[in-house]
Amino acid sequence: MAGINALKKELEVYENMREELLKKYRGRVVAIKDGKLIGVYDSEEEAFKDVLEKYGLVPVLIKRVVEREKPEEIPSYTYGLLGVVLTD
C-alpha cells in the first residue's frame, strides 16, 4: 500500500503551492520530495537525472507546472489489451 500512496503527500503539496508555482515557474518542471520543493528544471529528463544523482531511487514528484492538466492518452496495446483472450 505504501507504493500506491508514495506521492500522495507530494501531490497535495503541489496543489497547495500551485498558484505560487504558476506565478514563478509556469511551464517549467518542479521536483517535490518530503513536502518540499527541491528543484526547478527545464525538462523532466533533467529533473529525473538531478534527483536520481542527489537522492537516489526514492519517491519524488516530478511535474510540469501548467494551468490545465492535459489528459494522457495511452493506447490499449501499451497494457497488452489487444492480445487479451476472454474465456468463460
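Here are some questions and answers about a predicted model.

Reader: Let's start with the sheet: in what order do the three strands come?
Author: The sheet is an open one, and its strands pair in an antiparallel way. S2 (36-41) and S3 (61-64) stand at the edges with a single partner strand each, so one side of each has no neighbour in the sheet. From one strand to the next, the twist averages 25°. The order, then, is S2-S1-S3.

Reader: How many bridges join S1 to S2, and which residue of S2 is the bridge partner of Val29?
Author: S1 covers residues 29-33 and runs antiparallel to S2, with five bridges joining the two. One of the pairs puts Ala31 of S1 opposite Gly39 in S2. As for Val29, its bridge partner in S2 is Tyr41.

Reader: Which residue in the hairpin of S1 and S2 takes a positive phi?
Author: This hairpin has two residues between its strands. The one with a positive phi, near 55°, also has a side chain in polar contact with the side chain of Lys33, at 2.7 Å. That residue is Asp34.

Reader: Is Lys33 buried or exposed?
Author: Lys33 sits in strand S1. Beyond its neighbours within four places in sequence, Lys33 is in contact with Glu10, Ile38, Tyr55, Val58, Pro59 and Val60. Its relative accessibility is 17%, and the cut-off for buried is under 20%, so Lys33 counts as buried.

Reader: What about the helices: at what angle does H2 run to S2?
Author: Take H1 as a start: this helix, residues 8-25, lies across S1, S2 and S3 and runs at about 145° to S1. Helix H2, residues 44-55, packs on the sheet too, touching S1, S2 and S3. Its direction makes an angle with that of S2 of about 130°.

Reader: Where is the kink in H1 centred?
Author: A look at the ends of H1 gives a hint: a straight helix of its 18 residues would reach 26 Å, but the end C-alpha atoms are only 22 Å apart. The helix has a kink of about 65°. The residue at its centre is also among the buried ones of H1. It is Arg18.

Reader: Which elements are included in what covers the buried residues of H1?
Author: The buried residues of H1 are Glu10, Val13, Tyr14, Met17, Arg18, Leu21 and Leu22. H1 lies across the strands of the sheet, and the helix is followed by Gly27, whose phi is positive, near 85°. The cover over those buried residues includes S1, S2 and S3.

Note on methods
Residues numbered from 1 in each chain as written. Predicted model: local features only at pLDDT ≥ 70, side-chain atom pairs only at ≥ 80, totals over all residues. Heavy atoms only, no water. Pairing = 2+ DSSP bridges. Helix = DSSP H or I, 4+ residues; strand = E, 2+ residues; numbered from the N terminus. Axes fitted to C-alpha atoms, helices over the stretch in contact; angles between N-to-C directions. Contact = heavy atoms within 4.5 Å. Buried < 20%, exposed > 50% of the residue type's maximum accessible area, 1.4 Å probe, protein only. Polar contact = N/O pair within 3.5 Å; in protein donor to acceptor, adjacent residues only side chain to side chain. Expected span 1.5 Å × (residues − 1). Bend = angle between axes of the 7 residues up to and from the residue.
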